[in-house]
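User: I've got a model to look through and I'd like to go over it piece by piece. Could you show it to me and then take my questions?

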Amino acid sequence: VGIAVRCCVALQLNDSLQQLGSYSHLAFTSKNGILAVLERLAELHGGPESAVQYVQQSGIKLCALGADGQVLTDAGLQVHVSPVEASTKGLVAELEATGQAAGARVLCPVPHIAGGLVEPPVVPRFMAALAAAGAAAHRVPAYLTAVGLPNLECCAQEAALLQAGHFDAIAFSSTAEAQGLCLLMGGKEAVVSAVQRHGTVLAAHGPYTAAGAADVLGLPVPVVSRSFATFHGLVEALAEALR
C-alpha cells in the first residue's frame, strides 16, 4: 500500500482528533481502531499521558466492543458505552436504549480498505444504523486493512498445504480475512475446492463475520462463536466442532 495512502489516512485522522470536543461520542469498532487513535493522539499531544488528559478534558464518551474496551482502560480511560452484544448492531441498540443516540455526534474511526480488498458491509451498516437512530455519524479512516503479503509466492507453501488437506479448520475473525485468504491462496475457486474435497471446517468469530465469510466464499460457515466479546468463544466453538 502506497505511502500516499498512509499519509492521507493520517491527515484525515489528525483533523478529526484535533476537533474531538465537537463530538459527543467516540465509537470504536475494533481494537485496531483504538490502538491507532491512541498512537495518533500520543503523537499529537507529546505522549500517552497528555493524550489521555486531552481525551478526558474533551468530555467525549468512549464506546468499545467487548474486550476491546480493556485497551482503553489500560491506557487510563473510561469506557462509557460497552454493549451486551459486542457488535456494531449491539452498540447502536445500547445507545438507543440509554437515550444517547438521538442528537449524538459520533466520531467513528474505521479501517481504510486497500490492496484489492472490498469493504465489508459492517461499517456502512453501522453508519446507516446510527443515522436511523438520530445520530450524526462521521466516519474517519484510522488504519489500513490490506492483504498482509505482497504476492502469491509468499504463501505458496501454505496454499499447497491447503490443497493437500493439511488444515482441519479455517477460522475467520473478519470478513476481510476471507477475502485475503482467497487472494493469497490462488482465488476463491481454489479455496472452495480444497475445503469441499477435504471437509475443512469453516469457523467465524460471531454471526456477522460468519455471514460475511459465507458471502465471500459462497459456502456456509457452520462453526460460529456464541459469545464473541472475546476470541475465547471462537476457540471454544472450534474445540467443540473438532472433537
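**Helices, strands and the whole fold**

User: Which helix does leucine 95 lie in?
Analyst: Quick caveat first: this is a predicted model, where local features need pLDDT of at least 70, side-chain atom pairs count only at pLDDT 80 or more, and totals for chains, interfaces and linings use all residues. Residues are numbered from 1 along each chain as its sequence is written, and side-chain values use heavy atoms, with hydrogens and water left out. Helices here are DSSP runs of H or I with at least four residues, strands are runs of E with at least two, and both are numbered from the N terminus. By that count, leucine 95 lies in helix 5.

User: Is leucine 95 buried or exposed?
Analyst: The cut-offs are under 20% relative accessible area for buried, over 50% for exposed and partly exposed in between, with a 1.4 Å probe and protein chains only. Leucine 95 comes out at 2% relative accessibility, so the verdict is buried.

User: Which residues does leucine 95 touch, leaving out those up to four places away in sequence?
Analyst: Contact means heavy atoms within 4.5 Å. One partner is Leu130, 35 residues away in sequence but 9.0 Å away in space, C-alpha to C-alpha. The full list is His25, Val81, Gln100, Ala101 and Leu130.

User: What do the buried residues of helix 5 pack against?
Analyst: The buried set in helix 5 is Thr88, Gly90, Leu91, Val92 and Leu95. An α-helix has 3.6 residues a turn, so residues three or four places apart point the same way. The buried residues of helix 5 pack against strand 1 (25–27), strand 2 (61–63) and helix 6 (122–132).

User: Which residues is threonine 88 in contact with, leaving aside neighbours within four places?
Analyst: Threonine 88 sits in helix 5, which covers residues 88–97. With a relative accessible area of 14%, threonine 88 is buried. Its contacts beyond those neighbours are Thr29, Leu65, Val122 and Phe126.

User: What phi does glycine 99 take, just after helix 5?
Analyst: Look just past the end of helix 5, at glycine 99. The phi there is positive, about 70°.

User: What is the relative accessible area of leucine 35?
Analyst: Leucine 35 is in helix 2, residues 31–45. Leucine 35 is partly exposed, and its relative accessible area is 40%.

User: In what order do the 3 strands of the open sheet run?
Analyst: Strands pair if DSSP finds at least two bridges between them. Strand 5 is joined to strand 6 (residues 201–204) by 4 bridges, and strand 6 pairs with strand 7 over 2 bridges. Strand 5 (169–172) and strand 7 (223–224) each have a single partner strand, so one side of each has no neighbour in the sheet. The pairing is parallel and the order is 5-6-7.

User: Which residue in strand 7 stands opposite alanine 203?
Analyst: Start from strand 5, where alanine 171 stands opposite alanine 203 of strand 6. Going on to strand 7, alanine 203 stands opposite valine 223.

User: Which residues make up the uncovered face of strand 5?
Analyst: In a regular strand the side chains alternate between the two faces of the sheet. In strand 6 both faces are covered, with Val201 and Ala203 on one side and Leu202 and Ala204 on the other, all buried. Strand 5 has Ile170 and Phe172 on its covered face, while its uncovered face holds Ala169 and Ala171.

User: What is the radius of gyration of the protein?
Analyst: The protein has 11 helices and 7 strands. Taken over C-alpha atoms, the radius of gyration is set against a globule rule of 2.2 Å times the number of residues to the power 0.38. The rule gives 18 Å for 243 residues, which is close to the model's value, so the protein is as compact as a globular protein of that length: its radius of gyration is 19 Å.

User: What share of the 243 residues is buried?
Analyst: For context, residues 24 or more positions apart make up 69% of the contacts with a separation of 6 or more. The buried share of the 243 residues is 45%.
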